[in-house]
Amino acid sequence: MLNWEKILVTPTTIILKALEIIDSGAKQIGIVVDDKRRLLGTITDGDIRRGLLKGKTLNDPIESVMNPFPIVASVYDTKENILQLMKFKQLRAIPVLDEDGCVIQVETLEELMQPDKRDNIVVLMAGGLGSRLRPLTDDCPKPLLKVGERPVLETILMNFIEYGFYRFYISVNYKAEMIRDYFRDGSRWGVQISYIEENKRLGTAGALSLLPLRPTKPFFVINGDLLTNINFEQLLDFHNSYQSKGTMCVREFTQQVPYGVALLDRQKLIGIEEKPIQKYFVNAGIYLLDPATLDYIPKNEYYDMPTLFDNLIKQKLYTTAFPIREYWLDIGRLSDFERANMEFAEVFG
């Protein structure tokens with residue numbers, strides 16, 4: 001949080017001094033207060049320029065050019081309400097007042113739009129061979145194949161960062177050194193990245209048994225070859241609201257039978273359904289797991305995520321499905337990889 005008290009000025013402060021304060025402060029505004037910090041007005045670069053055009057000089061007091069009726073927020077307003085107000089009024093900064101009209105904070109649009117830090121661990125599964133994408137993966141692991149202008153795994157990483165997640169593990173096997181060399185410790189993105197070394201193929205869940213520390217909160221697991229703009233905050237809220245032991249993201253899949261389907265009651269024909277469309281929910285490769293689920297994963301053995309969920313269900317542990325309505329694409333096949341490159345700019349900008 002930036003020190004907002006540095007941008008407090010008195011009404012007799014000269015315009016030149018106010019300019020220096022505005023230019024040196026990241027909030028790009030000056031807050032005019034009396035000796036009890038009661039708000040009297042605000043001053044911006046635009047206010048000063050308009051004043052100079054009307055004949056004011058740099059040695060005039062800022063009360064002569066300040067805005068005496070600024071838009072303000074209350075101490076009782078939520079962060080979301082303040083953000084909506086600032087967007088609607090196109091404000092970059094807004095003073096927050098207590099019941100007596102005294103300034104207790106100055107919020108900026110940039111600060112309000114920063115996501116809250118979330119301690120939940122994110123495991124990125126990047127150890128696959130990418131056999132279906134050969135020859136592209138002969139010299140490059142699938143997660144480092146570029147979709148748009150960056151590797152697909154980087155896009156996944158950045159999507160999580162957008163929602164405030166910063167603790168990552170990358171599970172590596174095939175061409176692990178290339179993935180390590182690219183992502184290193186994560187400092188390039190302002191996050192923490194550690195690695196899970198798969199000395200043999202462990203499937204989509206087996207690598208979790210190698211986590212060096214047991215998570216204390218629900219943690220994400222995502223395949224490293226997915227492109228999606230799913231809202232990870234909503235997914236976490238959904239998982240927590242149901243107190244689920246495991247949440248599997250699912251995607252609706254439809255297929256049309258190319259024939260008329262006969263409807264039978266034993267040998268009796270009771271109808272014909274012409275080219276019906278069948279709908280299914282399929283595993284989307286994104287999961288949220290309670291730390292307790294690690295007890296059901298064998299140590300350093302091949303174990304797939306569907307097997308884990310099947311086991312949790314058999315143990316009568318509560319599991320949930322989170323339908324994905326947002327963009328989602330598995331780039332595991334060459335045709336889908338080419339499609340992803342065509343759609344990337346439109347979806348991810």
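Let's start with two strands that lie side by side: β10 and strand β11 (residues 192–197) run parallel and are joined by six bridges. Keep in mind as you look around that this is a predicted model. To find the pair on screen, pick out I170, whose bridge partner in β11 is Y195.

Now look at the other pairing of β10. Strand β7 (residues 118–126) also runs parallel to β10, and seven bridges link these two. A handy marker here is V122, which has F168 as its bridge partner in β10. So how enclosed is strand β10 (residues 165–172)? Seven of its eight residues are buried, so the strand is largely enclosed by the rest of the structure. Buried here means under 20% relative accessible area. While you have a strand in view, one general point helps: in a regular strand, side chains alternate between the two faces of the sheet.

Next, a pair of helices. Two packed helices are described by the angle between their axes and the distance between the axes. Take helix α5 (residues 152–162) and helix α6 (residues 176–183): their axes come within 12 Å and cross at roughly 45°. The two helices are therefore oblique to each other. As for handedness, α5 passes α6 in a right-handed crossing. Which residues make the contact? On the α5 side you'll find L153, E154 and L157, and on the α6 side I179, Y182 and F183. Sorted by character, the residues of this contact of α5 with α6 come out as five nonpolar, no polar and one charged.

Let's move to a separate group of strands. Three of them form an open sheet, in the order β4-β5-β6, and the pairing is mixed. At the edges stand β4 (73–74) and β6 (103–108), each with a single partner strand, so one side of each has no neighbour in the sheet. Zoom in on β4 and strand β5 (residues 93–97), and you'll see a parallel pairing over two bridges. There, S74 stands opposite L97 in β5.

This sheet has a helix to go with it. Helix α3 (residues 79–89) lies across β4, β5 and β6, and runs at about 140° to β5. One residue to click on in helix α3 is Q84. Is Q84 buried or exposed? With 55% relative accessibility, Q84 counts as exposed, because the cut-off for exposed is over 50%. Q84 also gives you a feel for distance across the model: its C-alpha atom is separated by 45 Å from that of I297, and the two residues are 213 apart along the chain.

Finally, have a look at two loops with something a bit unusual in the backbone. R37 sits in the loop between β2 (30–33) and β3 (39–43). Although R37 is not a glycine, its phi is positive, at about 65°. Its relative accessibility is 34%, so R37 counts as partly exposed. Then there's Q243, found in the loop between α8 (232–241) and β14 (246–256). Here too phi is positive in a residue other than glycine, with a value near 50° for Q243. And how accessible is Q243? Its relative accessibility is 68%, so Q243 counts as exposed.

Definitions and conventions:
Residues are numbered from 1 along each chain as its sequence is written. This is a predicted model: local features need pLDDT of at least 70, side-chain atom pairs count only at pLDDT 80 or more; totals for chains, interfaces and linings use all residues. Side-chain values use heavy atoms; hydrogens and water are left out. Axes are lines fitted to C-alpha atoms, for helices over the stretch in contact, and angles run from 0 to 180 degrees between N-to-C directions. Helices (H or I, at least four residues) and strands (E, at least two) are DSSP runs, numbered from the N terminus. Angles under 35 degrees count as roughly parallel, over 145 as roughly antiparallel, 65 to 115 as roughly perpendicular and the rest as oblique. A crossing is left-handed if the near helix is turned anticlockwise from the far one by less than a right angle, and right-handed if clockwise. Contact means heavy atoms within 4.5 Å. Ala, Val, Leu, Ile, Met, Phe, Trp, Tyr, Cys and Pro count as nonpolar, Asp, Glu, Lys and Arg as charged, and the others, Gly among them, as polar. Buried means under 20% relative accessible area, exposed over 50%, partly exposed in between (1.4 Å probe, protein chains only). Two strands pair if DSSP finds at least two bridges between them.
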